[in-house]
Amino acid sequence: NNNNNNSSTNVPDGLWRDGLCDCCSIGCCHPMCCVSTFFCTVVLAQIMTRLSLNWCGKMTGLSPSRTSNTYIIVIFLFGASLFVNSIFSVTLQYLSCIHP
C-alpha cells in the first residue's frame, strides 16, 4: 500500500486487506459483526479514537494513543443516556398508574 502524503490524515490507498463479505467467512458469530450489531456505540467510540477525534467529533491532531479519553467519554455518555432514559421510563409508568 502506498501512502498519499498530500492528505492531511495520511490515509493509505490501494487494496483493502479484507473483502466486502469477508466478515461472513466464519459465520454470523464473527466478533466484529456481533459487536457492530449489538454494541454499535463501542464501534463508534473505537473509530473516533482511531481517527483522533474528540467526543464531539472534531479533529484533535493528537495521536490515537493520546485520544483514548474519547472512547471513555463516548461510552460514559451512552451509559448515562441509558440510565436517564430508564429513570424517565419508570417515572412515566409510575405516573400513569397513579393518574389513569
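So, reading from the N terminus, the elements of this chain go β-β-α-α-α. That comes to three helices and two strands. Keep in mind that what we have up here is a predicted model.

Let me give you the overall numbers before we go into the helices. The chain has 100 residues, and 10% of them count as buried. The exposed area is about 8,400 Å², with carbon and sulfur atoms supplying 65% of it. As for contacts, if you take those with a separation of 6 or more, 19% are between residues 24 or more positions apart.

Okay, on to the helices. When two helices pack, people describe the pair by the angle between their axes and the distance between those axes. For our pair, α1 covers residues 31-38 and α2 covers residues 40-50; the angle is about 105° and the axes are 5 Å apart. An angle from 65 to 115 degrees counts as roughly perpendicular, so that is the label for α1 against α2. Who makes the contact? On the α1 side you have M32, V35, S36 and F38, and on the α2 side C40, V42 and V43.

Let's stay with α2 for a bit. Which of its residues are buried? They are T41, V43, A45, M48 and T49. These buried residues pack against both α1 and α3.

Take T41 as an example, which sits in α2. Its relative accessibility is 14%, and the cut-off for buried is under 20%, so T41 counts as buried. What does T41 touch, once you leave aside its neighbours within four places in sequence? The answer is V74, I75 and F78.

Now walk off the end of α2. The helix is followed by S52, which has a positive phi, near 60°. Most residues other than glycine have a negative phi. S52 is not a glycine, and yet its phi is positive, at about 60°. If you want to find S52 on the screen, look in the loop between α2 and α3. And is S52 buried or exposed? Buried, because its relative accessible area is 9%.

L53 is in the loop between α2 and α3 as well. At 14% relative accessibility, L53 also goes down as buried. Again leaving out neighbours within four places in sequence, L53 is in contact with M48, K58, M59, T60, T67 and T70. M48, you'll remember, is one of the buried residues of α2. There is also a distance to note here: L53 and S63 are 10 residues apart in sequence, and their C-alpha atoms are 9.6 Å apart in space.

Last stop, the surface. There is a nonpolar patch of about 420 Å², and the residues that make it are W55, I73, F76 and L77. Let me pick out I73, which is in α3, the helix running over residues 68-98. How accessible is I73? Its relative accessibility is 31%, so I73 counts as partly exposed. Compare that with T41 back in α2, which counts as buried at 14%.

To recap the stops: α1 and α2 pack at about 105°, S52 follows α2 with a positive phi, L53 is buried in the loop between α2 and α3, and I73 belongs to the nonpolar surface patch along with W55, F76 and L77.

Technical notes:
Residues numbered from 1 in each chain as written. Predicted model: local features only at pLDDT ≥ 70, side-chain atom pairs only at ≥ 80, totals over all residues. Heavy atoms only, no water. Patch = residues over 30% accessible without salt bridge, like charges linked within 9 Å, V, L, I, M, F, W, Y side chains within 5 Å. Areas by Shrake-Rupley, 256 points an atom, 1.4 Å probe, with all protein chains shown as cover. Salt bridge = Lys/Arg side-chain N within 4 Å of Asp/Glu carboxyl O. Helix = DSSP H or I, 4+ residues; strand = E, 2+ residues; numbered from the N terminus. Buried < 20%, exposed > 50% of the residue type's maximum accessible area, 1.4 Å probe, protein only. Axes fitted to C-alpha atoms, helices over the stretch in contact; angles between N-to-C directions. Parallel < 35°, antiparallel > 145°, perpendicular 65-115°, else oblique. Contact = heavy atoms within 4.5 Å.
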